[in-house]
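Visitor: Please take one part of this model and go through it closely. I would like the contacts and the cut-offs behind them.

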Amino acid sequence: MAINTEAYRVIQQKLGNAHVALVAVSKTKPAEDIQALYNLGQRDFGENYVQELVDKHAQLPKDIRWHFIGHLQSNKVKYIVPFVHLIHGVDSFKLLKEINKQALKNNRVIDCLLQVHIAQEETKFGFDEQELLDINLNELKALANVNVAGLMGMASFTDDIEKVRREFKYLKNLFYKFSYLLSTVNIQLSTLSMGMSSDYTVAIEEGSTMVRIGSLLFGAREYVK
Ligand SMILES: *Cc1c(COP(=O)(O)O)cnc(C)c1O
């Protein structure tokens, strides 16, 4: 397998102009591919599976910032908390509490994004709008070892680009609302993680600050775990 150097340059150019951060999604791809992109200067990588992330962290340079972007089970939090940079897919308050507990044990404060359910598919995890706005802010504030830094969402898997755009717009609006709420307890949100290979240009147009791109950089994944 080889990485797509030309795609990396094009993406970097587009993101740089818009001040958007790139997470290179390397799930199912070998460590050599990650190292190759690292050698071009990339430092942020995203993984979906705990064991795979733990293995790759052990093998690869220590200045990589590892993002966990998959569905995280509470009982596996402890394996990634010692080193993870940002957890994108926090989909319940219970999970946030577990991350806080493990982070405390490791004497760390972990940046987290709350995942919001914006697509129509039933299978996507995340808070809905009401659940997000109903979060008890005092309880949230009391979790001293997690820092809620923003929101993450995935649009519907569809060719209908206007539908994708509406979903991103909706998430951006929710980001404003939630930012305002959190500012009342002195929490500042910085990150809106939205956009993947197929829709990242739309996501940037709609106000994304961080995109998660896999197949454009590493080629299509041959299998889905
Ligand atoms: C796999 C994955 C991506 C990257 O998908 P591509 O279509 O390969 O860019 C982004 N975000 C999440 C949450 C993923 O699971």
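Guide: The ligand site comes up here, followed by a helix.

This is a predicted model, in which local features need pLDDT of at least 70, side-chain atom pairs count only at pLDDT 80 or more, and totals for chains, interfaces and linings use all residues. Residues are numbered from 1 along each chain as its sequence is written, and side-chain values use heavy atoms, with hydrogens and water left out.

The ligand has 13 residues around it, each with a heavy atom within 4 Å. Lys27, Asn48, Ser197, Gly214 and Ser215 are the closest. By class, the shell holds six nonpolar, four polar and three charged residues. Here Ala, Val, Leu, Ile, Met, Phe, Trp, Tyr, Cys and Pro count as nonpolar, Asp, Glu, Lys and Arg as charged, and the others, Gly among them, as polar.

Now the polar contacts (pairs of N or O atoms within 3.5 Å). Lys27 places a polar side-chain atom 2.7 Å from a ligand oxygen. Gly214 uses a backbone N or O atom, 2.8 Å from an oxygen of the ligand. An N or O atom in the side chain of Arg212 lies 2.9 Å from a ligand nitrogen. The protein covers 91% of the 390 Å² of accessible area that the ligand has on its own (Shrake-Rupley, 1.4 Å probe).

Next, helix α8 (a DSSP run of H or I, at least four residues). α8 spans residues 161-183. Arg165 sits in this helix. Its relative accessible area is 18%, so Arg165 is buried (under 20%, 1.4 Å probe, protein chains only). Beyond neighbours within four places in sequence, Arg165 contacts Val202, Glu205 and Glu206 (heavy atoms within 4.5 Å).

How values were computed:
A polar contact is a pair of N or O atoms within 3.5 Å; within protein, one must be able to donate a hydrogen and the other to accept it, and residues adjacent in sequence count only if both atoms are side-chain atoms. Helices (H or I, at least four residues) and strands (E, at least two) are DSSP runs, numbered from the N terminus. The expected span of a helix is 1.5 Å times one less than its number of residues. Buried means under 20% relative accessible area, exposed over 50%, partly exposed in between (1.4 Å probe, protein chains only).
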